[in-house]
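Q: Please take a close look at one part of this model, the central pairing of strands and what surrounds it. I have not met this structure before, so a plain account is enough.
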Amino acid sequence: MAVTAKELAGILGLSEAAVSMALNHKPGVSTATRKRVMEEAKARGYDFTKVRELAAENRSNGIINFIIYKRHGAVVTDTPFFSQLSEGIDRGCKQKHYLLNIYYLYEKADQNVEAQLQELLHLNCKGIILLGTEMREADYVPFTELSVPVVLLDNSFDKKVTDCVLINNVQGAYQATDYLIRKCKAQPGYLHSSYPIHNFEERADGFYKAVRENGMSTSKSVVHRLSPSMEGAWADMRELLEAGEETARCYFADNDLIACGAMRAFQEKGFRIPRDVAVIGFDNMPMCTYMDPPLTTVNVPKQYMGEMAVCRLHELLTAERSFPVKLEVAAELVKRKSV
């Protein structure tokens, strides 16, 4: 069976965009790469009539780079949350007739971000969607100096004027905490990430806002700082329980991984959920339905966020005039059995 361009890309370890350029004799790839692609295509029976069709399809808009910025990797990992964001971006690119390249950009001591960025912009890049979940404001500076438009996904910065698409974290955390208080009629505790990122800071704002508006003192909420992964949160929570730390009747967690890890630690120590301890997470990852009991959480329309990022970038590329906008996608409480 003849191979496709996508399969060729996988076989050769190249991006689909690079393979397409080589097959269509476009600039952007080296002579050696073009020769390698053509030889492999012929050897594997590639249907070269598809080249003309692909060329016509790609003539419209070009390439979008989806750059995933990883500062420490504690939050941006290979989880369904980020895979669903990627699916949404891929769907949006297909709807708007862009090719999509996905790159990881790491904070490295031996190579600055500017140098890594220049390497990523060689292949006819029209614009960038930047996953900034782990970014600090200073990390974003190199992106302000690029010649192509950038849409920041899952973060925003007060001092940097940029287009961004993000979750309404304050609203989601407020809704979850308010529900927790009304259901349990008790001062809620907070399972707070030990790694500071913008999303978690905003969720903290929503948590404490709900506490105050329910007539409670924020200083009386028990706070446990846990690693933002299931195994890390389980180990941290288990250590706190073994040390005899004070516990709350109910908890809001910064994300589902923290919530699930803490639930496991509580249950191993004999706590019944939700009778003894109630827990709410954030993100609505697939694991929530597999927990015993299933985890109440806050749903984030992850694929929709990805599509919106592509739509905004397309507007920046095609509109005669535009102004930076901040698009916040509302979150929604999903009630299950952990509360």
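A: Ile128 has Val150, in strand S4, as its bridge partner. The model is predicted, with local features needing pLDDT of at least 70 and side-chain atom pairs pLDDT 80 or more, while totals for chains, interfaces and linings use all residues. Residues count from 1 along each chain as its sequence is written, and side-chain values use heavy atoms, without hydrogens or water.

Strand S3 covers residues 125-131 and S4 covers residues 150-153; the two run parallel and are joined by four bridges. Strands pair here if DSSP finds at least two bridges between them; helices (H or I, at least four residues) and strands (E, at least two) are DSSP runs numbered from the N terminus.

S3 also pairs with S1, in the parallel sense, over six bridges. Within that pairing, Phe66 has Ile129 of S3 as its bridge partner. S1 is joined to S2 as well, by eight bridges, and these two strands run parallel. There, Ile68 stands opposite Tyr104 of S2.

These pairings belong to an open sheet of six strands, ordered S2-S1-S3-S4-S5-S11 and paired in parallel. S2 (99-106) and S11 (326-329) are the edge strands, each with a single partner, so one side of each has no neighbour in the sheet.

How many of the eight residues of S1 are buried? Eight of the eight are, so to speak, under cover by the measure of buried as under 20% relative accessible area (exposed is over 50%, partly exposed in between; 1.4 Å probe, protein chains only). Both faces of S1 are covered. Ile63, Asn65, Ile67 and Tyr69 lie on one side, and Ile64, Phe66, Ile68 and Lys70 lie on the other. Phe66 and Ile68, named above for their bridges, are thus found on one side of S1.

Helix H6 comes next. This helix spans residues 113-120, and Val113, Gln116, Leu117 and Leu120 are buried in it. Viewed down the axis of H6, the buried residues fall within an arc of 100 degrees (taken from the directions from the helix axis to the C-beta atoms), so they line one face of the helix. The buried residues of H6 pack against strand S1 (63-70) and against S2, where contact is defined as heavy atoms within 4.5 Å. S2, the edge strand beside S1 in the order of the sheet, is therefore a strand with a single partner in the sheet and also one that the buried residues of H6 pack against.
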